[in-house]
Amino acid sequence: MGEEMTESTGGIDFEDEDASGVIKKFMFVNRKAPYGTIYALESLEVVLISAAFDQDVSLIFMDDGVYQIVKGQHTKAIDVKNFSPTYRALEGYDIEKLYVEKESLDQRGLTEDDLLVDVQVMSSAEIAKIMAEQDVVISF
Amino acid sequence: MKLAIMINEGVYQHQSTDSAYQFVKAAIEKGHEVPRIFFYHDGVYNASSLTDPPKDDRNIVMRWAKLAHEHNIDMVVCVAAALRRGIKDENLAEGFRISGLGQLVEAGIQADRLVVFGD
């Protein structure tokens, strides 16, 4: 593996690569609960890397994925790192388009006030429309 | 069309890696290009040289290596996901390389479509 690899760019040397210049719409679809499987944590790692590429990034939380951004997560008893504060740091990476599916909140008895970041709550029909406008959709 | 592939599940337990293989093979046969396959989550197990299935079963790891060699596919394994799961240079199967998540984002930018195979 390359010695030159850095945390922030994930193995890409921007000076040598031709990846710069193109801006695509990247959407990350988060559908799974934050703990129980590693999908949510590793999804967040991809999101943070994508920020280094100056792409048009958005995140959707739906199904059990809405639990990823619920306030008041305590994970000490299961001996797993509570990574939920990282969602609050996304703003600092210029990742500000966070969408939540209204139906998923309703089904789980949650409201926007239960969430630890500012989001846009949208119907599944509205989300389908935004999804159709994307260049790259990665679902976890 | 230029297709990038992302594989998020491991070998044998889950069909997604078989589906991905069949998809890549069919796409190439139809004249599409597959410049890069990116392995993430348990998908990194596709790159373990320690994999040793029964003789009457498909060998998923070697099957990838053969396809990649024949069609010049860049098969990239995420370093963070790999280290978590015990995949290192010393047990990395032929045809794969370990690198960072930037390779996935780059593939998404450069390809016409990024096709994700997962749970």
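## Surface and make-up of chain A

Accessible areas here come from the Shrake-Rupley method with a 1.4 Å probe. On that footing, the accessible surface of chain A comes to about 7600 Å², and carbon and sulfur atoms hold 48% of that area. Keep in mind that you're looking at a predicted model.

Chain A has four helices and five strands. Walk along the chain from the N terminus and you'll meet them in the order β-α-β-α-β-α-β-α-β. Chain A has 140 residues, and 44% of them count as buried. How do its contacts spread along the sequence? Take the contacts in chain A between residues at least 6 apart in sequence: 76% of these join residues at least 24 apart.

## A salt bridge within chain A

Now for the charged side chains. Side chains of opposite charge can pair when their charged atoms come close. Over all chains, the count of salt bridges comes to 16.

One of them pairs Arg31(A) with Asp63(A), at 2.6 Å from N to O. This pair ties together distant parts of the chain, with the two residues 32 apart. Arg31(A) sits in the loop between strand 1 (25-30) and helix 1 (39-51), while Asp63(A) is in the loop between strand 2 (56-61) and helix 2 (85-89).

Are these two partners buried or exposed? Arg31(A) has a relative accessibility of 39%, so it counts as partly exposed. Asp63(A) has a value of 24%, so Asp63(A) is partly exposed as well.

## Bridges from chain A to chain B

Which residue of chain B pairs with Glu42(A)? That's Arg84(B), and the closest N and O atoms of the salt bridge are 2.8 Å apart. Because Glu42(A) belongs to helix 1 of chain A and Arg84(B) to helix 3 (residues 79-84) of chain B, the pair joins two chains.

The cut-off for buried is under 20% relative accessible area. Glu42(A) has 0% relative accessibility, so Glu42(A) counts as buried. Its partner Arg84(B), at 40%, is partly exposed.

Arg84(B) also forms a salt bridge with Glu45(A), where the closest N and O atoms are 2.9 Å apart. Glu45(A) lies in helix 1 of chain A and Arg84(B) in helix 3 of chain B, so this pair joins two chains too. With a relative accessible area of 22%, Glu45(A) is partly exposed.

## One shared network

What do the shared partners build? Through salt bridges with partners in common, Glu42(A), Glu45(A), Asp42(B), Arg84(B) and Arg85(B) are joined into one network.

Notes. Residues numbered from 1 in each chain as written. Chains lettered and ligands numbered in written order. Predicted model: local features only at pLDDT ≥ 70, side-chain atom pairs only at ≥ 80, totals over all residues. Heavy atoms only, no water. Salt bridge = Lys/Arg side-chain N within 4 Å of Asp/Glu carboxyl O. Buried < 20%, exposed > 50% of the residue type's maximum accessible area, 1.4 Å probe, protein only. Contact = heavy atoms within 4.5 Å.
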